[in-house]
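Reader: Please take one part of this model and walk me through it closely. I would like the open sheet, its strand pairing and what packs around it.

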Amino acid sequence: EVILSVKDLTAEVDGVSILKGLNLEVKAGEIHAIMGPNGSGKSTFSKVLAGHPDYTVTGGEITYLGQNLLELEAEDRSRSGIFLAFQYPIEIPGVSNLDFLRVAYNSKRKFAGLDELDTFDFEDLVQQKLDVVQMNPAFLDRSVNEGFSGGEKKRNEILQMALLEPKLAILDETDSGLDIDALRIVSSGVNQLTTPDNAVVLITHYQRLLDYIVPDYVHVMEGGQIVTTGGKELALELEERGYTWIREEAEVAA
Ligand code: ADP
Ligand code: MG
Ligand code: MG
């Protein structure tokens, strides 16, 4: 089952062209890593997938579960099973984490034609999901991400993911700012949530994350395109040799 198919995608922000012909196909059960130097367009790609209003798609196609993703509003993308963990999770002062999770969860159920879960059942469910990320329940009563450390914010993103059980999860540098224990917990959370029916796209700058979450494919993004694709061993090679050789080989090939 093809979950996501991206063809010749071009996109711009503030009139600046950033994505320059990106191709990617993600099938159910797969984990894809997208690596690449700073400024190569990785976060831009994740924001385009989410439907961020600042980003304009200027060409190409994105198909999600057989439908044209570009025709779906941002809310409907998330309700239909696309989950995005941003590189810099936002803080929402005055909204408790529990209320935020409940609204997100019930809005997804409603979209699927299901009734809202009552408060007690919802709290039971959240409790189970807290265990996945080994998170203290005290975080539920605090405002969303407000005053959370970098690692706590990332863990909170995985808690949201555990609850929403996405079909397609895109994690943008979820590993950055994590110490080794938090990295293990976040990775084990992601691994527990990976099934043959869903897919994960991990955007990362470092090979380290891929010691814990083993990808089926590693893609290198450079100048707004995916320029090389390989297996998990490509990440090790990048760690050793950096990104420059990829650029040189791509230039030779072109
Ligand atoms: P990555 O996540 O791979 O580090 P980004 O997608 O964040 O890269 O950025 C890709 C490029 O887009 C960078 O060169 C960045 O400076 C540029 N960019 C991002 N946002 C804007 C903006 N609002 N206006 C102009 N350029 C931008
Ligand atoms: Mg970056
Ligand atoms: Mg980025």
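Author: This is a predicted model. Start inside the sheet, at one residue pair. Alanine 11 of S1 stands opposite leucine 19 in S2. That pair belongs to an antiparallel pairing of S1, residues 2-13, with S2, built over nine bridges. A second pair marks the S1 and S2 register: valine 6 has leucine 24 as its bridge partner in S2.

Now the turn. S1 and S2 form a hairpin with two residues between the strands. Aspartate 14 takes a positive phi there, near 50°.

S1 has another partner. It pairs with S4 in the antiparallel sense, over eight bridges. Here lysine 7 stands opposite glutamate 61 in S4.

Put the strands together. The order is S2-S1-S4-S5. Four strands make up this sheet, the sheet is open, and the pairing is antiparallel. Which strands stand at the edges? They are S2, residues 16-27, and S5, residues 67-68. Each has a single partner strand, so one side of each is left without a neighbour in the sheet.

Next, the helix over the sheet. H1 covers residues 42-50. It lies across S1, S2 and S4, the last of these being residues 55-64. Relative to S2, H1 runs at about 70°.

Beyond the sheet, look at the largest nonpolar core. It has 62 residues. Val200 and Leu202 touch the most other members. Helix H6, residues 150-164, gives the most to this core, with six residues. Take valine 200 on its own. Leaving aside neighbours within four places in sequence, valine 200 is in contact with Ile31, Ala169, Leu171, Val190 and Thr194.

H6 also packs against a helix. That partner is H4, residues 119-133. The angle between H4 and H6 is about 135°, and their axes are 9 Å apart. How do H4 and H6 lie to each other, and why? Angles of 65 to 115 degrees count as roughly perpendicular and those over 145 as roughly antiparallel. H4 and H6 fall in neither class and are therefore oblique to each other. The crossing of H4 past H6 is right-handed. On the H4 side, the contact is made by Val126, Lys129, Leu130, Val132 and Val133. On the H6 side, Arg155, Ile158, Leu159, Ala162 and Leu163 make the contact.

Key:
Residues are numbered from 1 along each chain as its sequence is written. Chains are lettered from A and ligands numbered from 1 in the order in which they are written. This is a predicted model: local features need pLDDT of at least 70, side-chain atom pairs count only at pLDDT 80 or more; totals for chains, interfaces and linings use all residues. Two strands pair if DSSP finds at least two bridges between them. Two residues are in contact if their C-beta atoms, placed from the backbone, lie within 7 Å. Axes are lines fitted to C-alpha atoms, for helices over the stretch in contact, and angles run from 0 to 180 degrees between N-to-C directions. A nonpolar core is a set of buried Ala, Val, Leu, Ile, Met, Phe, Trp, Tyr and Cys residues joined through C-beta atoms within 7 Å. A residue is buried if 20 or more other C-beta atoms lie within 10 Å of its own, exposed if 12 or fewer, and partly exposed in between; C-beta atoms are placed from the backbone. Angles under 35 degrees count as roughly parallel, over 145 as roughly antiparallel, 65 to 115 as roughly perpendicular and the rest as oblique. A crossing is left-handed if the near helix is turned anticlockwise from the far one by less than a right angle, and right-handed if clockwise.
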